[in-house]
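User: Please take a close look at one part of this model. I would like to know how its helices pack, and what they pack against.

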Amino acid sequence: MTDQNEGTPGIVLDAAQGMPATLGDLVPDRLYLLPLTARPFFPAQTVPIVTNEANWRGTLERAGNTPQHMIGLVYSGTAPGAVPEAEDFAAVGTVVRMHHPGTGDGKIHFIAEGIKRFRIRSWLTARPPFLVQVDYPEQPTEGSDEIKAYALAIINMIRELLPLNPLYKEQLKAFLERFNVEDASPLTDFAAILTSATPQDLQQVLETFPLLPRMERVLGLLQKELEVAGMQAKIRQKVEENISEQQRRFFLREQMKEIQKELGISKDDKTVELERFRGRIGALRLPEDARIRIDEEMQKLSFLELGSPEYAVTRNYLDVLTALPWGKTSDDVLDLKRARRILDRDHAGLKDVKERIIEFLAVGALKGEIAGSIILLAGPPGVGKSSIGRSISEALGRRFYRFSVGGMRDEAEIKGHRRTYIGAMPGKFVQALREAGTSNPVIMLDEVDKIGASYQGDPASALLEVLDPEQNRDFLDHYLDVRFDLSKVLFICTANQLDTIPAPLLDRMEVIRLAGYITEEKLRIARKYLWPRLRERAGIKGGQLTIDDAALRTVIEGYAREAGVRNLEKQLARIVRKSAVKLLDRPEKGIRIAPGDIVALLGQPPFRPEASVQGVGVVTGLAWTAMGGATLNVEATRVHTKNRGFKLTGMLGSVMKESAEIAYSYVASNPGLFPGNGQFFDDALVHLHVPEGATPKDGPSAGITMAAALLSLARGEPIGRPLAMTGELTLTGQVLAVGGIREKIVAARRAGLKEVLFPAANRRDFDELPAHLRKGLKVHFVSHFDQVARLVTRKGRLPRRSAAPLK
């Protein structure tokens with residue numbers, strides 16, 4: 001590409017129009033086009049142009065080989081580096097003369113000298129190099145008073161802009177070297193160049209050929225630019241004033257420090273920190289070893305430089321040490337009536353749990369203090385374990401701190417990090433004491449059954465020291481490295497199950513079991529706590545939305561049968577939300593929720609009504625699940641008599657399979673239980689099934705139920721009346737105790753069963769149940785299967801040698 005220099009032979013510059021004049025054609029009628037992506041190019045400009053060499057070298061070489069060395073610059077608005085289509089180009093552009101072309105770093109550059117506007121008439125090539133046929137519309141420039149007035153207005157606005165931005169002065173200087181300020185057309189284009197208007201607004205100015213409308217557009221753009229520049233100047237002035245004020249204050253503070261030093265009254269940051277720590281120590285009752293350690297650390301801090309890394313470590317260590325409540329305790333409120341009132345206010349039901357807590361507080365009242373106690377609240381989710389812990393704290397008048405240990409895998413979370421590590425922190429218990437401000441708070445450890453272990457240590461083992469009253473009086477946190485007395489702390493742990501808690505840790509805890517709520521208790525909780533709270537959260541007044549007790553019972557038994565009340569609250573919240581929509585549609589009418597409305601609001605209930613199934617080989621058992629109690633129908637049938645066998649189905653666990661095999665072995669080895677058919681099991685394939693095969697089942701409590709089903713099959717007669725049972729069976733026929741008596745009684749009442757069989761060893765558990773649960777039930781307590789057999793056979797007809805008296 002050849003270099004085109006200024007002053008081409010045969011060409012002279014017309015100073016009035018700012019464009020080249022030749023003896024022949026002024027400008028070519030065919031132009032190669034180069035797209036502009038940022039903003040349009042005006043005839044009054046002379047600026048460098050840089051573009052992509054790979055895309056546009058051919059276009060610039062062809063334009064450079066033309067006699068005039070001219071090219072058309074047209075705004076396309078496409079992304080930088082992209083090759084536009086023909087339709088992307090604007091209709092009007094500027095023809096420029098190229099000077100001093102060059103290449104480097106994949107770019108091609110030249111000086112573009114604006115000549116005049118052109119309009120694209122037709123496309124000769126629609127792909128690079130773009131070649132178009134153009135024309136140059138006339139731009140009348142004859143002077144008039146109106147044009148002069150507009151020109152003066154433009155000059156005045158440019159004069160106002162010059163002090164606001166120094167860059168304007170450089171551009172004006174370059175403009176005056178080429179044009180006369182009295183020439184209105186270049187002046188208007190130059191004024192448009194000064195603004196930061198959008199490319200679309202500038203393109204409209206470029207496409208306006210008549211001078212007067214163009215000047216009107218530019219005046220509007222200048223006015224906006226003046227307003228923006230004025231705001232920028234005000235912002236800059238405010239920033240400078242703020243900086244000046246900050247600098248002034250900084251110098252004044254430095255001067256004040258120097259004056260204080262001269263007068264001997266100045267204190268540096270280190271002195272202030274040491275005085276703060278000494279002030280804290282004065283209000284504490286420190287043990288001797290802690291006092292010695294603090295004195296040593298404060299002496300070390302006084303010698304360290306402020307910028308030393310060791311200074312920050314020592315300062316943070318002293319901050320923790322002096323912030324702990326050494327010797328500070330809160331007075332216990334050992335008022336049993338007040339404790340009962342708080343527990344009854346926060347929790348409905350759970351009478352046995354409340355009585356156990358009152359007993360615990362009563363022992364503390366006799367001693368005069370409650371210390372060295374670790375309580376474990378065990379029960380299913382949603383029964384109120386965490387809230388009971390908070391109520392105990394309020395009843396005692398102690399500070400409460402709760403944190404979860406579920407998923408914790410690093411023993412440093414319990415005993416702290418050693419101070420050799422960057423970012424070391426004390427353990428959770430030290431943090432709890434620091435936040436509580438007393439050495440005898442109530443600390444709750446949630447989800448203690450879900451604590452983990454990893455290569456970083458075993459947090460459960462670290463808890464052994466914390467939760468042992470004989471050891472925690474000298475608890476040693478790795479960060480503190482000073483022993484702290486935790487024996488006055490009341491620890492309350494929560495867990496859903498006890499199986500995953502390590503035995504040594506469980507041995508240190510006093511277990512209080514929360515079995516869950518029965519339907520009547522849930523009904524009271526929903527009526528007294530849940531329903532009013534949900535209405536208040538939704539902003540609904542009491543008279544606008546009400547619900548019947550029967551509707552609440554329908555929700556409890558059909559949608560929220562679990563042991564806790566968390567799901568019950570969710571279902572009631574759904575009812576409140578759906579009712580809120582209706583209230584907005586009909587605000588003048590209140591809504592009363594009846595049992596018949598529940599299905600429409602919540603859909604079909606997930607829990608079906610339980611019923612006792614009767615027939616030969618069918619016996620109803622009672623089971624405990626995480627959702628509470630449930631009835632379980634055990635079915636037995638004879639498949640064929642070709643060979644002896646025993647088949648089990650129903651997704652039974654290993655313990656339940658063993659119970660079934662024991663029941664089969666016991667019944668088959670005692671033919672006296674089914675006289676007249678003593679060879680029944682000798683050649684029969686017996687199939688025993690527990691329905692709902694997709695639900696896993698395990699446990700020993702179905703032993704007598706399975707044996708009763710096999711006995712009914714062998715005798716060929718059903719039980720003949722609604723009867724449910726539970727109990728573990730041994731090979732000698734002994735009936736052993738089982739758990740979950742409360743939940744199983746609830747399940748029997750829900751299924752309409754009035755007669756149940758329990759192991760004799762569970763009589764105490766039954767007697768401890770509330771009277772309303774025991775009312776109306778006929779309960780048989782058995783210690784041997786012979787008693788079960790007499791109850792399940794017609795009129796108790798058994799041979800004399802196999803009968804045993806009922807107890």
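Analyst: Start with helix 10 (residues 336-346) and helix 11. In this predicted model, their axes come within 10 Å and cross at roughly 155°. An angle over 145 degrees counts as roughly antiparallel. Helix 10 and helix 11 are therefore roughly antiparallel to each other. Their crossing is right-handed.

Which residues make this contact? Helix 10 brings L336, A339, R340, L343 and D344. Helix 11 answers with K354, E355, I357, I358, L361 and A362. Sorted by class, the contact of helix 10 with helix 11 has 7 nonpolar and 4 charged residues, and no polar ones.

Now the sheet. Its 5 strands lie in the order 10-11-14-9-15. The sheet is open, and the pairing is parallel. Strand 10 (400-404) and strand 15 (510-513) stand at the edges. Each has a single partner strand, so one side of each is left without a neighbour in the sheet. On average, neighbouring strands are turned by 20° against each other, direction ignored.

Look at one edge in detail. Strand 9 (residues 373-378) and strand 15 run parallel and are joined by 4 bridges. Within this pair, A378 of strand 9 stands opposite R513 in strand 15.

Helix 11 (residues 351-367) comes back here, since it packs on this sheet. Helix 11 touches strand 9, strand 14 (490-495) and strand 15. The direction of helix 11 makes about 150° with that of strand 15. Helix 11 thus has two sets of partners: helix 10, and these three strands.

Helix 14 (residues 428-436) also meets the sheet. Helix 14 lies across strand 10, strand 11 (442-446) and strand 14. Helix 14 runs at about 155° to strand 10. Strand 14 is therefore on both lists: helix 11 touches strand 14, and helix 14 lies across strand 14.

Next, a salt bridge beside strand 15. Side chains of opposite charge can pair when their charged atoms come close. The side chains of R508 and D468 meet in a salt bridge, at 3.3 Å from N to O. The pair links distant parts of the chain, 40 residues apart. R508 sits in the loop between helix 16 (503-506) and strand 15. D468 sits in the loop between helix 15 (459-466) and strand 12 (475-476). The structure holds 35 salt bridges.

Further along the chain is another helix pair. The axes of helix 17 (residues 519-537) and helix 18 (residues 549-559) come within 10 Å and cross at roughly 120°. That makes helix 17 oblique to helix 18. The crossing of helix 17 and helix 18 is right-handed. T519, E520, K522, L523, A526 and R527 come from helix 17. They meet D549, L552, R553, I556 and E557 in helix 18. This contact divides into 4 nonpolar, 1 polar and 6 charged residues.

For contrast, turn to the antiparallel strands around strand 7 (residues 107-125). Strand 4 (residues 46-52) pairs with strand 7 over 7 bridges, in the antiparallel sense. In that pairing, I49 stands opposite F110. Strand 6 (residues 92-104) is also antiparallel to strand 7, over 11 bridges. V96 has G114 as its bridge partner in strand 7. Strand 8 (residues 131-135) pairs with strand 7 in the antiparallel sense over 5 bridges. There, W123 stands opposite V132.

Two of these pairings are hairpins. Strand 6 and strand 7 form a hairpin with 2 residues between the strands. Strand 7 and strand 8 form a hairpin with 5 residues between them.

The turns deserve a look too. Most residues other than glycine have a negative phi, and most peptide bonds are trans. D105 is not a glycine, yet has a positive phi of about 55°. D105 lies in the loop between strand 6 and strand 7. The peptide bond from P128 to P129 is cis, with omega near -5°. P129 is found in the loop between strand 7 and strand 8.

Conventions:
Residues numbered from 1 in each chain as written. Predicted model: local features only at pLDDT ≥ 70, side-chain atom pairs only at ≥ 80, totals over all residues. Heavy atoms only, no water. Pairing = 2+ DSSP bridges. Axes fitted to C-alpha atoms, helices over the stretch in contact; angles between N-to-C directions. Contact = heavy atoms within 4.5 Å. Parallel < 35°, antiparallel > 145°, perpendicular 65-115°, else oblique. Left-handed = near helix turned anticlockwise from the far one by under 90°. Nonpolar A, V, L, I, M, F, W, Y, C, P; charged D, E, K, R; others polar. Salt bridge = Lys/Arg side-chain N within 4 Å of Asp/Glu carboxyl O.
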